[in-house]
Amino acid sequence: MGNFPQKVDRFIESFIAQNGYVRVLEGLRNTLLIAVCGLLIGILIGTVIATVRVIPKYKRLPRILNGFCSFYVGLFRGTPIVVQLLVFYYVMLPLMGIRMTGVQVSMLVFGLNSGAYISEIMRSGILSVDPGQMEGGRAVGLSFGTTMIRIVIPQAVKNILPTLGNEFIALIKETSVVSFVGAADLYVAFSYIGSNTYEFMVPYLVMAVIYILLVLIISTGIRIMERSLRRSDRSH
């Protein structure tokens with residue numbers, strides 16, 4: 001550790017003088033873009049799957065849809081995210097003749113993967129809502145779908161907000177694997193700086209600090225949202 005100041009100097013030179021900060025900003029943008037888009041896609045898919053899973057299975061169609069959703073959830077929860085990225089980027093998309101960038105593929109795959117996990121989170125949130133809410137909505141003439149969208153799901157989201165925050169944090173951290181499909185994230189940016197300086201200690205330490213700061217910011221935002229929702233509930 002005696003030459004640590006020299007390591008820091010080399011890092012600063014590469015970061016500023018050699019425009020390493022440009023790659024870091026690009027990597028940070030891509031990391032946030034993949035995580036945010038992945039979460040939004042995951043919430044959309046997860047909500048649809050969770051709704052299908054809680055629909056009464058009296059008819060054939062709900063049973064078929066439930067079987068498909070169970071297969072989907074098992075598939076994406078049972079395989080590593082790296083495998084999913086590689087299969088989509090190097091196998092499925094070429095077979096279908098579709099061209100996508102590494103960042104676009106990462107957003108799609110992270111969204112599909114997150115949807116499987118959020119579906120279980122959302123399902124537990126829906127089940128935590130008082131069944132009387134659904135009965136009340138149907139009693140005033142609303143359809144099952146309208147009652148779910150306007151009454152049940154908003155209450156479910158409030159119940160699972162902390163868990164959704166944890167899912168977002170997990171997505172932020174998991175983006176470190178998108179370099180496997182050529183996406184330039186924070187890991188790629190700091191690896192580039194390390195390769196330029198032949199010294200990886202300081203770049204990787206700074207990268208770890210950035211990830212920690214991102215997690216702290218997200219956690220703080222979730223706590224603020226929770227307090228705001230609790231105050232809103234008390235005011236009503």
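**Close-up views of helix contacts and selected residues**

**View 1. Ile81, Gln84, Leu85, Phe88, Tyr89 and Leu93 of helix 4 meet Gly102, Val105, Ser106, Leu108, Val109, Phe110, Leu112 and Asn113 of helix 5.** By class, the residues of this contact between helix 4 and helix 5 comprise 10 nonpolar, 4 polar and no charged. The structure shown, here and in the views below, is a predicted model. Helix 4 spans residues 81–96 and helix 5 residues 102–128; their axes come within 10 Å and cross at roughly 125 degrees. The two helices, 4 and 5, are therefore oblique to each other. The crossing of helix 4 past helix 5 is right-handed.

**View 2. Helix 4 is shown with its kink, its buried residues and the residue that follows the helix.** The kink amounts to about 40 degrees and is centred on Phe88. Phe88 is itself buried, as are Ile81, Gln84, Leu85 and Leu93 of helix 4. An α-helix has 3.6 residues a turn, so residues three or four places apart point the same way. The cover over the buried residues of helix 4 includes helix 3 (60–77) and helix 5. After helix 4 comes Gly97, with a positive phi near 70 degrees.

**View 3. Helix 1 packs against helix 2 at an angle of about 75 degrees.** Helix 1 consists of residues 4–17 and helix 2 of residues 20–54, and their axes lie 4 Å apart. Helix 1 is therefore roughly perpendicular to helix 2, an angle of 65 to 115 degrees being the range for that description. Ser14, Phe15 and Ile16 form the helix 1 side of the contact, while Gly20, Tyr21 and Val24 form the helix 2 side. In the contact of helix 1 with helix 2, 4 residues are nonpolar, 2 are polar and none is charged.

**View 4. Helix 6 and helix 7 cross at roughly 145 degrees.** The axes of helix 6 (residues 131–139) and helix 7 come within 9 Å of each other, and their crossing is right-handed. From helix 6, the contact takes in Gln133, Met134, Gly137 and Arg138; from helix 7, it takes in Phe144, Thr147, Met148, Ile151, Val152 and Gln155. The contact of helix 6 with helix 7 is made up of 5 nonpolar, 4 polar and 1 charged residues.

**View 5. Ala35 of helix 2 is shown with its contacts.** Ala35 has a relative accessibility of 0% and therefore counts as buried. Beyond its neighbours within four places in sequence, Ala35 is in contact with Phe168, Leu171, Ile172 and Thr175. Ala35 and Ser106 are separated by 71 residues in sequence, and their C-alpha atoms are 9.0 Å apart in space. Ser106 also belongs to the helix 5 side of the contact in View 1.

**View 6. Leu164 of helix 7 is shown with contacts distant in sequence by more than four places.** Helix 7 runs over residues 144–174. Leu164 counts as buried because its relative accessibility is 8%, below the 20% limit for that class. Neighbours within four places in sequence aside, Leu164 is in contact with Leu39 and Ile118. The C-alpha atoms of Leu164 and Tyr204 are 28 Å apart, with these positions 40 residues apart along the chain.

**View 7. Ile121 of helix 5 is shown with Ile160 and Thr163.** Ile121 is in contact with both Ile160 and Thr163 when neighbours within four places in sequence are left aside. With a relative accessibility of 14%, Ile121 counts as buried. Between the C-alpha atoms of Ile121 and Tyr187 the separation is 29 Å, for residues 66 apart along the chain.

**View 8. Ser191 lies in helix 8, and Tyr198 lies in the loop between helix 8 and helix 9.** Helix 8 covers residues 186–197 and helix 9 residues 201–235. Ser191 is buried, its relative accessible area being 12%. Its contacts outside the neighbours within four places in sequence are with Phe200 and Tyr204. Tyr198, by contrast, is exposed, with a relative accessible area of 73%. The phi of Tyr198 is near 55 degrees, a positive value in a residue other than glycine.

Technical notes. Residues numbered from 1 in each chain as written. Predicted model: local features only at pLDDT ≥ 70, side-chain atom pairs only at ≥ 80, totals over all residues. Heavy atoms only, no water. Axes fitted to C-alpha atoms, helices over the stretch in contact; angles between N-to-C directions. Parallel < 35°, antiparallel > 145°, perpendicular 65-115°, else oblique. Left-handed = near helix turned anticlockwise from the far one by under 90°. Contact = heavy atoms within 4.5 Å. Nonpolar A, V, L, I, M, F, W, Y, C, P; charged D, E, K, R; others polar. Buried < 20%, exposed > 50% of the residue type's maximum accessible area, 1.4 Å probe, protein only. Bend = angle between axes of the 7 residues up to and from the residue.
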